[in-house]
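Please look over the sequence and the model shown below, and then follow the paragraphs after it, which go from one part of the chain to the next.

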Amino acid sequence: MAVNKLYQFSILNALMDGVADEGISVATMLESGDHGLGTFKDFDGEMVVIDGIAYQMKQDGSILIAEPEMVVPFAMVTRFQPTQVAVGSLSGKDALDLHISERLPNARNLFVAIRIDGQFEHITVRTVGKQEYPGECLVDVGKRQVVRTLSNTMGTLVGFYSPGFSQGLSVAGYHLHFVEDNRGNGGHMLDFRGGNLQISLSPITRVELELPQSKGFNAATLLADVGNIQAVEGR
């Protein structure tokens, strides 16, 4: 897999419709990237991929290295090679948006791979639990999410900025997962603030999308409401 090429398996609207019972293996996913995020079969936790290792961040707060054979119904990964690296302070997604617009002024309609390392004064994350029945939609699964706020912790944010036209294929805007350096806590980022952060970026112009061939995907409407997507993403 070429550097800074996005590989995506499935689409966000399939997750919104509860299509999470089949997919590719962790081992297969890692052949296409060493940086990214996703989820696991039946929405059993949040996934973050850092330096070629996939971690499962479960609803109870535990973090495990994902086994190679585990099923991944959705993932976005790239072989990350940053083209812009800077050190600075950030207070949430708006500050990150300003930073990227200054560093990558021609990337508004591109995908951007993002990695932020350092000490976070404050970061709020969420983790979801498993579906209670096959096909349970992500909005309902999200109603049982666990939200945690961490203070003065060292860790890494990993993920992507996706352009507006990709809404439904991915999450338009920022989709970032966090894990502490000691792997003690993590999850889907809702809000953050930190100083002396190393901010690494790379624009992405090449995208490979692989769609599932399952019965669930074939039967899904794949027409998720933007409001529901924003609710699931914590916006």
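A good place to begin is the hairpin formed by β12 and β13, which has five residues between its strands and in which R183 takes a positive phi near 55 degrees. The model is a predicted one, and what follows should be read with that in mind. R183 has this positive phi although it is not a glycine, and its place is in the loop between β12 and β13. Most residues other than glycine have a negative phi. With a relative accessibility of 26%, R183 counts as partly exposed, since buried means under 20% and exposed means over 50%. The two strands on either side of this loop run antiparallel and are joined by three bridges, and V179 stands opposite G186 in β13.

From this hairpin one can step back to the chain as a whole, which has six helices and 14 strands. Its radius of gyration is 16 Å, close to the 18 Å that the globule rule gives for 235 residues, so the chain is as compact as a globular protein of that length. Taken along the principal axes, the C-alpha atoms fill a box of roughly 45 × 35 × 35 Å. Of the 235 residues, 54% are buried, while the chain exposes about 10,000 Å², with carbon and sulfur atoms supplying 48% of that area. Among the contacts between residues at least 6 apart in sequence, 78% join residues that are at least 24 apart.

Strand β13 also pairs with other strands. It is joined to β10 by 14 bridges, the two strands running antiparallel, and within this pairing V125 has M189 of β13 as its bridge partner. Strand β9, which covers residues 84-91, is likewise antiparallel to β13 and is joined to it by seven bridges; here the bridge partner of G88 is L197 in β13.

Several of these strands return when one turns to the nonpolar interior. In soluble globular proteins, nonpolar side chains tend to be buried together. The largest nonpolar core of this chain has 22 residues, and those with the most contacts inside it are L96, I114, I116, F120, I123, L157 and F192. The elements that give two or more residues to this core are α3 (92-103), β10 (111-127), β11 (146-162), β12 (173-180) and β13 (186-204), and β10 gives the most, with six residues. To see the surroundings of one core residue, consider F120: leaving out residues up to four places away in sequence, F120 touches S151, N152, T153, G155, T156, L157, F178, F192, R193, G194 and L197. Apart from this core lies another one, of 18 residues, among them A20, L37, A113 and V128.

Elsewhere in the chain there is an open sheet of seven strands, whose order is β6-β5-β4-β3-β8-β1-β14 and whose pairing is mixed. At its edges stand β6 (63-65) and β14 (206-210), each with a single partner strand, so one side of each is left without a neighbour in the sheet. On average, and with direction ignored, neighbouring strands of this sheet are turned by 15 degrees against each other. One of its pairings is that of β3, residues 35-39, with β8, residues 74-78; these strands run antiparallel and are joined by five bridges, and T39 stands opposite F74 in β8.

The loop between β3 and β4 (46-50) holds D42, a residue other than glycine whose phi has a positive value, near 65 degrees. D42 counts as buried at 17% relative accessibility, whereas R183, described above, counts as partly exposed at 26%.

The last residue to visit in this sheet is Y55, which has its place in strand β5, residues 53-57. Is Y55 buried or exposed? With a relative accessible area of 8%, Y55 is buried. Leaving aside its neighbours within four places in sequence, Y55 is in contact with F40, E46, M47, V48, I63, L64, I65, A66 and R183, and this list leads back to R183, the residue in the loop between β12 and β13. Y55 can also be compared in position with A75: the two are 20 residues apart in sequence, and their C-alpha atoms are 13 Å apart in space.

Methods:
Residues are numbered from 1 along each chain as its sequence is written. This is a predicted model: local features need pLDDT of at least 70, side-chain atom pairs count only at pLDDT 80 or more; totals for chains, interfaces and linings use all residues. Side-chain values use heavy atoms; hydrogens and water are left out. A nonpolar core is a set of buried Ala, Val, Leu, Ile, Met, Phe, Trp, Tyr and Cys residues joined through side-chain atoms within 4.5 Å. Buried means under 20% relative accessible area, exposed over 50%, partly exposed in between (1.4 Å probe, protein chains only). Helices (H or I, at least four residues) and strands (E, at least two) are DSSP runs, numbered from the N terminus. Contact means heavy atoms within 4.5 Å. Two strands pair if DSSP finds at least two bridges between them. Axes are lines fitted to C-alpha atoms, for helices over the stretch in contact, and angles run from 0 to 180 degrees between N-to-C directions. The radius of gyration is taken over C-alpha atoms; the globule rule is 2.2 Å times the number of residues to the power 0.38. Accessible areas come from the Shrake-Rupley method with a 1.4 Å probe; for residues, only the protein chains shown count as cover.
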